[in-house]
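Reader: I am a first-year student, and I would like to request a close look at one part of this protein model. Please explain it in one connected account.

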Amino acid sequence: MSFKIGGIMGAIAIFLSSGVAVAEGVDIAIAQDTQRYVTVGHDKLGNSIALDTKTIKGTTYKLYGIYGDGVFETTFDASCTESRLFLNRIAIYGSEGELLQEDKETGEIPFVADSSPGKGMQFVCEKIGARGW
(Lines give C-alpha, C1' and ligand atoms only; values in the text may rest on other atoms or scores of the structure.)
Protein backbone atom coordinates (compact mmCIF):
# COMPACT_ATOMS: atom_id res chain seq x y z
CA MET A 1 0.00 0.00 0.00
CA SER A 2 1.42 3.37 -0.98
CA PHE A 3 0.62 6.62 0.82
CA LYS A 4 1.33 10.15 -0.35
CA ILE A 5 -0.11 11.73 2.78
CA GLY A 6 2.35 14.08 4.43
CA GLY A 7 3.09 14.90 8.04
CA ILE A 8 1.18 13.32 10.88
CA MET A 9 -1.57 11.92 8.62
CA GLY A 10 1.10 10.05 6.65
CA ALA A 11 2.58 8.65 9.84
CA ILE A 12 -0.86 7.52 10.98
CA ALA A 13 -1.66 5.90 7.62
CA ILE A 14 1.56 3.94 7.52
CA PHE A 15 1.23 2.85 11.16
CA LEU A 16 -2.34 1.67 10.57
CA SER A 17 -1.58 -0.26 7.40
CA SER A 18 1.62 -1.97 8.45
CA GLY A 19 2.73 -1.07 11.94
CA VAL A 20 6.24 -0.78 10.51
CA ALA A 21 8.21 2.33 11.38
CA VAL A 22 9.91 2.71 8.00
CA ALA A 23 8.69 4.90 5.16
CA GLU A 24 10.40 7.38 2.88
CA GLY A 25 10.02 10.93 4.15
CA VAL A 26 8.23 10.13 7.39
CA ASP A 27 10.36 7.38 8.96
CA ILE A 28 11.65 9.63 11.75
CA ALA A 29 8.16 10.90 12.59
CA ILE A 30 6.83 7.35 12.69
CA ALA A 31 9.66 6.10 14.88
CA GLN A 32 8.99 8.93 17.32
CA ASP A 33 5.24 8.29 17.22
CA THR A 34 5.16 4.50 17.63
CA GLN A 35 4.38 4.94 21.33
CA ARG A 36 1.79 7.58 20.48
CA TYR A 37 -0.70 5.22 18.82
CA VAL A 38 -2.28 2.27 20.63
CA THR A 39 -4.13 -0.32 18.56
CA VAL A 40 -7.64 -0.71 19.94
CA GLY A 41 -9.10 -2.89 17.19
CA HIS A 42 -9.16 -3.78 13.52
CA ASP A 43 -11.52 -3.10 10.65
CA LYS A 44 -13.07 -5.78 8.43
CA LEU A 45 -9.97 -5.75 6.20
CA GLY A 46 -7.59 -6.31 9.11
CA ASN A 47 -6.24 -2.75 9.24
CA SER A 48 -5.55 -1.39 12.71
CA ILE A 49 -7.75 1.16 14.42
CA ALA A 50 -5.55 3.28 16.66
CA LEU A 51 -6.05 5.53 19.66
CA ASP A 52 -3.96 8.71 19.52
CA THR A 53 -2.64 8.97 23.09
CA LYS A 54 -1.10 12.43 22.56
CA THR A 55 -4.38 14.15 21.75
CA ILE A 56 -6.32 12.88 24.78
CA LYS A 57 -7.79 15.88 26.60
CA GLY A 58 -9.62 14.89 29.77
CA THR A 59 -12.02 12.25 28.50
CA THR A 60 -11.98 13.34 24.84
CA TYR A 61 -10.02 11.06 22.51
CA LYS A 62 -9.49 10.30 18.82
CA LEU A 63 -9.41 7.04 16.90
CA TYR A 64 -7.84 6.66 13.45
CA GLY A 65 -8.26 4.05 10.75
CA ILE A 66 -7.70 3.47 7.05
CA TYR A 67 -10.44 4.65 4.70
CA GLY A 68 -9.78 3.87 1.05
CA ASP A 69 -6.50 5.61 0.19
CA GLY A 70 -6.82 7.96 3.16
CA VAL A 71 -7.52 8.06 6.87
CA PHE A 72 -10.61 8.55 9.01
CA GLU A 73 -10.49 10.38 12.34
CA THR A 74 -13.27 9.90 14.89
CA THR A 75 -13.52 11.99 18.06
CA PHE A 76 -15.30 10.71 21.18
CA ASP A 77 -16.14 11.97 24.66
CA ALA A 78 -16.39 9.47 27.49
CA SER A 79 -18.37 9.79 30.69
CA CYS A 80 -16.39 7.32 32.75
CA THR A 81 -18.51 7.51 35.91
CA GLU A 82 -21.69 6.77 33.95
CA SER A 83 -20.14 4.38 31.37
CA ARG A 84 -21.55 6.53 28.57
CA LEU A 85 -19.89 7.32 25.27
CA PHE A 86 -20.52 10.23 22.91
CA LEU A 87 -19.53 10.65 19.27
CA ASN A 88 -18.35 14.21 18.50
CA ARG A 89 -16.91 14.24 15.00
CA ILE A 90 -15.96 12.08 12.05
CA ALA A 91 -13.50 13.35 9.45
CA ILE A 92 -12.17 11.63 6.34
CA TYR A 93 -8.86 12.73 4.86
CA GLY A 94 -7.70 11.89 1.33
CA SER A 95 -4.37 10.53 0.15
CA GLU A 96 -2.89 14.04 0.05
CA GLY A 97 -4.04 14.81 3.60
CA GLU A 98 -6.92 17.01 2.46
CA LEU A 99 -10.18 16.99 4.40
CA LEU A 100 -12.72 15.21 2.17
CA GLN A 101 -15.69 14.92 4.45
CA GLU A 102 -16.63 16.00 7.94
CA ASP A 103 -19.61 15.15 10.10
CA LYS A 104 -19.96 17.11 13.33
CA GLU A 105 -23.25 15.51 14.31
CA THR A 106 -22.96 14.56 17.96
CA GLY A 107 -24.80 12.06 20.04
CA GLU A 108 -24.56 9.21 22.46
CA ILE A 109 -23.57 5.80 21.15
CA PRO A 110 -23.78 2.51 23.02
CA PHE A 111 -20.72 1.61 25.08
CA VAL A 112 -19.52 -1.80 23.88
CA ALA A 113 -16.42 -2.90 25.78
CA ASP A 114 -15.01 -5.04 22.93
CA SER A 115 -15.42 -2.35 20.24
CA SER A 116 -12.66 0.05 19.21
CA PRO A 117 -14.46 3.06 20.76
CA GLY A 118 -15.09 1.01 23.90
CA LYS A 119 -11.45 -0.02 24.21
CA GLY A 120 -10.43 3.60 23.66
CA MET A 121 -12.79 4.65 26.44
CA GLN A 122 -11.35 2.02 28.78
CA PHE A 123 -7.83 3.30 28.08
CA VAL A 124 -8.86 6.92 28.75
CA CYS A 125 -10.84 6.14 31.89
CA GLU A 126 -7.98 4.07 33.33
CA LYS A 127 -5.51 6.82 32.44
CA ILE A 128 -7.42 9.44 34.43
CA GLY A 129 -7.98 7.02 37.33
CA ALA A 130 -11.77 6.97 37.08
CA ARG A 131 -13.47 4.84 39.72
CA GLY A 132 -14.38 1.35 38.52
CA TRP A 133 -11.95 1.27 35.62
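How many salt bridges does a search of the whole structure find? I would ask you to begin there and then to follow the strands and links around them.

Author: The model is a predicted one, and a search of the whole structure finds six salt bridges. A few words on confidence come before the details. The chain has an average pLDDT of 81, and 74% of the residues score at least 70. Two stretches have pLDDT under 50: residues 1-7, with 20 contacts beyond four places in sequence in the model, and residues 19-30, with 15 such contacts.

Among the salt bridges is that of Arg36 with Asp52, whose closest N and O atoms are 2.7 Å apart. This pair links distant parts of the chain, since Arg36 is in the loop between α2 (27-33) and β1 (37-42), while Asp52 is in strand β2, 16 residues apart. Arg36 has a relative accessible area of 15% and is therefore buried. Asp52 is also buried, with a relative accessible area of 1%.

A further salt bridge joins the side chains of Arg89 and Glu102, at 2.6 Å from N to O. Here too distant parts of the chain are linked: Arg89 belongs to strand β5 and Glu102 to strand β6 (residues 99-103), 13 residues apart. Arg89 is buried, at 18% relative accessible area, whereas Glu102, at 36% relative accessibility, counts as partly exposed. The cut-off explains the two labels, because buried means under 20% and partly exposed lies between that value and 50%. Arg89 and Glu102 also belong to a network of salt bridges that includes Lys62 and Glu73.

Thr75 has contacts with two members of this network. Thr75 is placed in strand β4 (residues 70-79), and it counts as buried because its relative accessibility is 9%. Not counting residues up to four places away in sequence, Thr75 touches Thr60, Tyr61, Lys62, Phe86, Leu87, Asn88 and Arg89. Lys62 and Arg89 in that list are linked in the network already described.

Tyr61, another contact of Thr75, leads to the aromatic pairs. A search of the whole structure finds three of them. In one, the rings of Tyr61 and Phe76 have centres 5.4 Å apart and planes at 25 degrees, so the pair is stacked. Tyr61 lies in strand β3 and Phe76 in strand β4, 15 residues apart, so that the pair links distant parts of the chain. Both residues are buried: Tyr61 has 0% relative accessibility, and Phe76 has a relative accessible area of 4%.

Another of the aromatic pairs consists of Phe111 and Trp133, with ring centres 5.8 Å apart and planes at 80 degrees, so this pair is edge-to-face. Phe111 is in the loop between β7 (107-109) and α3, and Trp133 is in the segment after α3, 22 residues apart. Phe111 is partly exposed, with a relative accessible area of 26%, and Trp133 counts as partly exposed at 27% relative accessibility.

Tyr61 also has a place in the largest nonpolar core. Of the 15 residues in that core, Tyr61, Leu63 and Ala78 touch the most other members. Elements that give two or more residues to the core are β2 (48-52), β3 (60-67), β4, β5 and α3, and α3 gives the most, with three residues. Leaving aside neighbours within four places in sequence, Leu63 is in contact with residues including Val40, Ile49, Leu51, Phe72 and Ser116. Ser116 is 68 residues from Ser48 in sequence, yet the two C-alpha atoms are 9.7 Å apart in space.

Helix α3 is also tied to another part of the chain by a disulfide, and the structure holds one such link. Cys80 and Cys125 form this disulfide, with sulfur atoms 2.0 Å apart. The link is left-handed, with -90 degrees about the S-S bond. Cys80 lies in the loop between β4 and β5 and Cys125 in helix α3 (residues 116-127), 45 residues apart. Cys80 is buried, with a relative accessible area of 7%, and so is Cys125, with 0%.

The loop between β4 and β5 (84-93) also holds Ser83. Most residues other than glycine have a negative phi. Phi of Ser83, however, is a positive value near 55 degrees. Ser83 counts as partly exposed, at 38% relative accessibility. Finally, a salt bridge joins the side chains of Glu82 and Arg84, at 3.7 Å from N to O.

How values were computed:
Residues numbered from 1 in each chain as written. Heavy atoms only, no water. Helix = DSSP H or I, 4+ residues; strand = E, 2+ residues; numbered from the N terminus. Buried < 20%, exposed > 50% of the residue type's maximum accessible area, 1.4 Å probe, protein only. Contact = heavy atoms within 4.5 Å. pLDDT = per-residue confidence, 0-100. Disulfide = S-S within 2.5 Å. Core = buried A, V, L, I, M, F, W, Y, C linked by side-chain atoms within 4.5 Å. Phe/Tyr/Trp six-rings, centres within 6.5 Å; stacked < 30°, edge-to-face > 60°. Salt bridge = Lys/Arg side-chain N within 4 Å of Asp/Glu carboxyl O.
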